[in-house]
Amino acid sequence: MAGRNERCSWCGIQLAVPPEVCAIWCAVCFGMTLVRPNDPFIQAQNSFSHVTSQFRGFMNTFMKASVNSNRAGGI
Ligand SMILES: [Zn+2]
């Protein structure tokens, strides 16, 4: 089995990473380290979370706007 060594993003210790994983849980500091940063699957995950945060911002704007419009209609 051809494992790799990756450095923990949190404590910097060397972790033995099996070839099929894209993230590893550090046994020392319990931090999650993403490996293979050029992997398209990980990039897709990052862009998805970015879109999700944008969507949450949009929902907040939408809810505030509807409150304002209701208030304006009540006057
Ligand atoms: Zn660590």
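A residue here counts as buried if 20 or more other C-beta atoms lie within 10 Å of its own. By that yardstick, 0% of the 75 residues in this protein chain are buried. Keep in mind that this is a predicted model, with an average pLDDT of 75 for the protein chain. What you get is one helix and four strands, running β-β-β-β-α along the sequence.

**Confidence**

- Residues scoring at least 70 in pLDDT make up 48% of the protein chain.
- Of the elements, β4 comes out on top with a mean pLDDT of 93, while helix α1, covering residues 40-74, sits at the bottom with 63.
- Where pLDDT is low, the predicted coordinates should not be read in detail.

**Overall contacts**

- Take the contacts between residues at least 6 apart in sequence: 7% of them link residues at least 24 apart.

**The β1-β2 hairpin**

- Strand β1 (residues 4-7) pairs with strand β2 (residues 14-17) in the antiparallel sense, and four bridges hold the count.
- To get your bearings on the register, look at Arg4, which stands opposite Val17 in β2, and at Arg7, which faces Gln14 in β2.
- Six residues lie between the two strands of this hairpin, and Gly12 has a positive phi near 85° there.

**Strand β3: Ala23 and Ile24**

- Ala23 belongs to strand β3 and is exposed, because just 12 other C-beta atoms fall within 10 Å and the cut-off for exposed is 12 or fewer.
- Beyond its neighbours within four places in sequence, Ala23 is in contact with Met32, Thr33, Leu34 and Val35.
- One of those partners, Thr33, is ten residues from Ala23 in sequence, and the C-alpha atoms of the two are 5.5 Å apart.
- Ile24 is also found in strand β3, but is it buried, partly exposed or exposed? With 19 other C-beta atoms within 10 Å, Ile24 is partly exposed; it takes 20 or more to be called buried.
- Setting aside neighbours within four places in sequence, Ile24 is in contact with Glu6, Leu15, Val17, Thr33 and Val35.
- From Ile24 to Glu6 there are 18 residues along the chain, and their C-alpha atoms are separated by 9.2 Å.

**The β3-β4 loop: Cys26 and Phe30**

- Cys26 is placed in the loop between β3 and β4, and it is partly exposed, with 17 C-beta neighbours inside 10 Å.
- Which residues does Cys26 contact, leaving aside neighbours within four places in sequence? The list is Cys8, Trp10, Cys11, Ile13, Leu15, Gly31 and Thr33.
- Ile13 is 13 residues away from Cys26 in sequence, with 8.5 Å between the C-alpha atoms.
- Phe30 is placed in that loop too, between β3 (23-25) and β4 (32-34).
- Phe30 is worth a look for its backbone: phi is positive, about 60°, although Phe30 is not a glycine.
- For context, most residues other than glycine have a negative phi.
- Phe30 is exposed because 9 other C-beta atoms lie within 10 Å, and exposed means 12 or fewer.

**Strand β4: Met32**

- Met32 lies in strand β4 and is exposed, since 11 other C-beta atoms are within 10 Å.
- Apart from residues up to four places away in sequence, Met32 touches Ala23 and Trp25.
- Trp10 is 22 residues from Met32 along the chain, and 8.1 Å separates their C-alpha atoms.

How values were computed. Residues numbered from 1 in each chain as written. Predicted model: local features only at pLDDT ≥ 70, side-chain atom pairs only at ≥ 80, totals over all residues. Contact = placed C-beta atoms within 7 Å. Pairing = 2+ DSSP bridges. pLDDT = per-residue confidence, 0-100.
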